[in-house]
2 protein chains.
Amino acid sequence: MLRDFLLLCAYFILSSLKNITIKTISENTKLSLTTVSRVLNGVAEKYRISQFTSDKVLKEAKRLGYVPNQVARNLRLQKSFAIGLVLPSLANPYFSTIASIVNQALHAEGFLVLVSDGNEEEEAEIDAITNILARNIDGMIIIPSGKNTEHFEMLSKKGIPVVFIDRYFSNLSIPYVATDHYQGAFKMVDLLVKHGHKKIACIQGSQHVMSNLERVNGYYAAVKKHNLTYDYVGGNGFTAEEGYMETKLLLQRKEKPTAIFALSDTILLGVLKALDEEGYRIPDEMSVVSFDNSVYLDYLSCPVTSISQPVSEIAQIAIRLLLTKIKANAVSEKKTADVEQILIAPTIIQRKSIKDIS
Amino acid sequence: MLRDFLLLCAYFILSSLKNITIKTISENTKLSLTTVSRVLNGVAEKYRISQFTSDKVLKEAKRLGYVPNQVARNLRLQKSFAIGLVLPSLANPYFSTIASIVNQALHAEGFLVLVSDGNEEEEAEIDAITNILARNIDGMIIIPSGKNTEHFEMLSKKGIPVVFIDRYFSNLSIPYVATDHYQGAFKMVDLLVKHGHKKIACIQGSQHVMSNLERVNGYYAAVKKHNLTYDYVGGNGFTAEEGYMETKLLLQRKEKPTAIFALSDTILLGVLKALDEEGYRIPDEMSVVSFDNSVYLDYLSCPVTSISQPVSEIAQIAIRLLLTKIKANAVSEKKTADVEQILIAPTIIQRKSIKDIS
DNA sequence: GTGAAAGCGCTAACAA
DNA sequence: TTGTTAGCGCTTTCAC
């Protein structure tokens, strides 16, 4: 009696403390590890395991609340069923939206998404990538922060499927899908010119970031195309503070613009604040436009015309690209010859922040 | 000569294709796996490994670009140096801000953060938790979505350190740190009453979510305290659409409120849109307040008074709590007797959206 | 000072 | 139809 009780106690202690593995199930059912593993992996039929055996295993697994140890599986299979998403900052709504979409879509495909925030620093980004890589990740989606590319080349050397989103390096043979930042900025300046603006100032984000560079290039290209004599690009960071500071600076200059183009909505908020403080009314005394088309733009005192990036589309295509690569990797070692590099045209959402002065 | 060349070729092929493990280093340096491992783990001194040997290993590791395989380490150590962050949706800026802070702080402590988006669905949440759990996570920070708690109890049974953020279950013995939602709502109604408002309507978020319930309770408590005869709570979701719909509905009722309290900023945007469409001017014809204090509130046509949640503080405390638990776990099996359950008082940021009608 | 070998939990080639 | 065993890459006990 007492012994039975002690045994029971021991059982409970063990089952609650010790991990439940296929070995536990194997012992309890007096079946081999192989058989248990096969049943649990749904290949019982293939090995013609009897219904009886199969049921026994399944029942016991359920009773114990067995959860397969992915770490062990990864180590054995050299596969993790997880993909890494490395981005500059989750605090930026634009990126977190991407993260959300990627997460949902990949979850539906049975993958776990490991999101890692690089904090807009190249070093942290490399750290995140290395760390994720060390976990036998199946693939990676990256929004790169910096301008160095060695660690990315290392990735592709290692044969890890990688896709860039939003920001990219056209000189690397790594696929990317992004907004056509250049075209977006170009079209926006075009629109402003159509409304009679000839003095358009631009407040940019982080200078070394590809997407920012492309936008600035688009701005300059449009300025040149229209033979505008005025041009101005200030700033160096995708933050409201930067937008604020730079606008203050801009407004102190002798020659003032008639329109300000904020290269992100975070910058825009700072621009608006500065304009408000300096007593400029929008659009009467200053036209303002931006990049990103955040939801709240509709609700501002003056709804701001903005460039809408096809976030959802970008994320979807990137995932498709990545999964294709992963599957190709699994099937054989042959590399897909052509590297998909996709730019998607953004659209301008017109609101009320441009004054027609033509 | 030829043989040398072939060997060199073979070497390059192998080193680029095959993973570099301590075995590679061991073979190249003709040292045992043990020694290599020790040096790489920085315990060379402890085992009095000679400087010469140590240097040789380090040099070779560097030359090969060796990165330790975390999966194997995890399996062996039953430890992952990673913590899971499960939240309802990264698309919600409030949560993604938390994610960003948690990520940064834990990264500084040497942990990798695995963020998983539960998509505001309980099932997906359970899925995410199981999936992360199967990866030998060291601990978890969770913002729970649903109202079922079994999977959480399972977690604490298994001895996994868990901390809830923002939303919580006071009946579970799991630590949490959150805004005092109840008090926040209570104080806001108080403020409105001080400004002479007696008819305050409330547009709520997801009804079953703890934080929402607390806010609604706070609203009702304040309404009761001030003996207001009018009360109204509508809505069921933290979205702009919901806010929009519910406001439209609200404005069709015979008895109209003088103030609307949106229980989140996402809801607020919908409320503002509806009010605008119906021709209400803020604050003259309708006072509006909200919960969350998003950055853009300052820039709206009428800056909205809002309850600011101490996001950063919450995240910091939660991390501290979690790390303490993890360390306690590592040292011994004894459980810390008392469960820390912390509510932090929010502050009201007053802007211009409340009309004084007293 | 250094090394051999066991084992973390799992899968799959090979056996029976 | 089921089982034995090697090994994924790493750490650590025990041995020399």
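Here are some worked exercises on a predicted model of two protein chains and two DNA strands.

In this predicted model, local features need pLDDT of at least 70 and side-chain atom pairs count only at pLDDT 80 or more, while totals for chains, interfaces and linings use all residues. Residues are numbered from 1 along each chain as its sequence is written, and chains are lettered from A and ligands numbered from 1 in the order in which they are written.

**Exercise 1. The sheet of chain A**

Task: work out which strands stand at the edges of the open six-stranded sheet in chain A.

Solution.
- Step 1: get the naming straight. Helices (H or I, at least four residues) and strands (E, at least two) are DSSP runs, numbered from the N terminus.
- Step 2: write down the order, which is E7-E6-E8-E9-E10-E12, with mixed pairing. Two strands pair if DSSP finds at least two bridges between them.
- Step 3: look at the ends. Strand E7 (232-234) and strand E12 (347-349) of chain A each have a single partner strand, so one side of each has no neighbour in the sheet.
- Step 4: add the twist, which averages 20° from one strand to the next. For angles, axes are lines fitted to C-alpha atoms, for helices over the stretch in contact, and angles run from 0 to 180 degrees between N-to-C directions.
- Step 5: zoom in on one pair. Strand E6 (residues 200-203) of chain A and E7(A) pair in the parallel sense over three bridges, and A:Ala201 stands opposite A:Tyr232 in E7(A).

**Exercise 2. Helices across that sheet**

Task: find which strands of chain A helix H9 (residues 181-194) and H12(A) lie across.

Solution.
- Step 1: start with H9(A). This helix lies across E6, strand E8 (259-262), strand E9 (287-291), strand E10 (305-308) and E12 of chain A, running at about 165° to E9(A).
- Step 2: move on to H12(A), which lies across E6, E8 and E9 of chain A and runs at about 145° to E8(A).

**Exercise 3. A helix pair in chain A**

Task: describe how helix H11 (residues 240-252) and helix H12 (residues 265-277) of chain A cross.

Solution.
- Step 1: pick the right quantities. Two packed helices are described by the angle between their axes and the distance between the axes.
- Step 2: read them off. The axes of H11(A) and H12(A) come within 6 Å and cross at roughly 40°.
- Step 3: name the arrangement. H11(A) and H12(A) are therefore oblique to each other (under 35 degrees counts as roughly parallel, over 145 as roughly antiparallel, 65 to 115 as roughly perpendicular and the rest as oblique).
- Step 4: give the hand. H11(A) passes H12(A) in a right-handed crossing (the near helix is turned clockwise from the far one by less than a right angle; anticlockwise would be left-handed).
- Step 5: check who meets whom. Residues of H11(A) including A:Tyr244 and A:Lys248 meet residues of H12(A), among them A:Leu268 and A:Val271 (contact puts C-beta atoms, placed from the backbone, within 7 Å).
- Step 6: sort by class. The contact of H11(A) with H12(A) has eight nonpolar, four polar and four charged residues (Ala, Val, Leu, Ile, Met, Phe, Trp, Tyr, Cys and Pro count as nonpolar, Asp, Glu, Lys and Arg as charged, and the others, Gly among them, as polar).

**Exercise 4. Where the chains touch**

Task: say how many residues each chain brings to the contact, and which helix gives the most on the side of chain A.

Solution.
- Step 1: count. Chain A brings 44 residues and chain B brings 45 residues.
- Step 2: find the top contributor on the side of chain A that touches chain B: H6(A), with eight residues.
- Step 3: split that side of chain A by class, giving 23 nonpolar, 17 polar and four charged residues.

**Exercise 5. Around the DNA**

Task: list the residues that come closest to DNA strand C and to DNA strand D.

Solution.
- Step 1: take DNA strand C. Of the 27 residues that surround it, the closest are A:Thr21, A:Asn69, A:Ala72, B:Ser32 and B:Ile49 (near puts the C-beta atom, placed from the backbone, within 6 Å).
- Step 2: see who shares most. H5(A) gives the largest share of the surface near DNA strand C, five residues.
- Step 3: sort that surface into 11 nonpolar, 11 polar and five charged residues.
- Step 4: turn to DNA strand D, with 29 residues around it; A:Ser32, A:Arg48, A:Ile49, B:Thr21 and B:Ala72 come nearest.
- Step 5: sort again. The surface near DNA strand D has 12 nonpolar, 11 polar and six charged residues.

Methods:
Contact = placed C-beta atoms within 7 Å.
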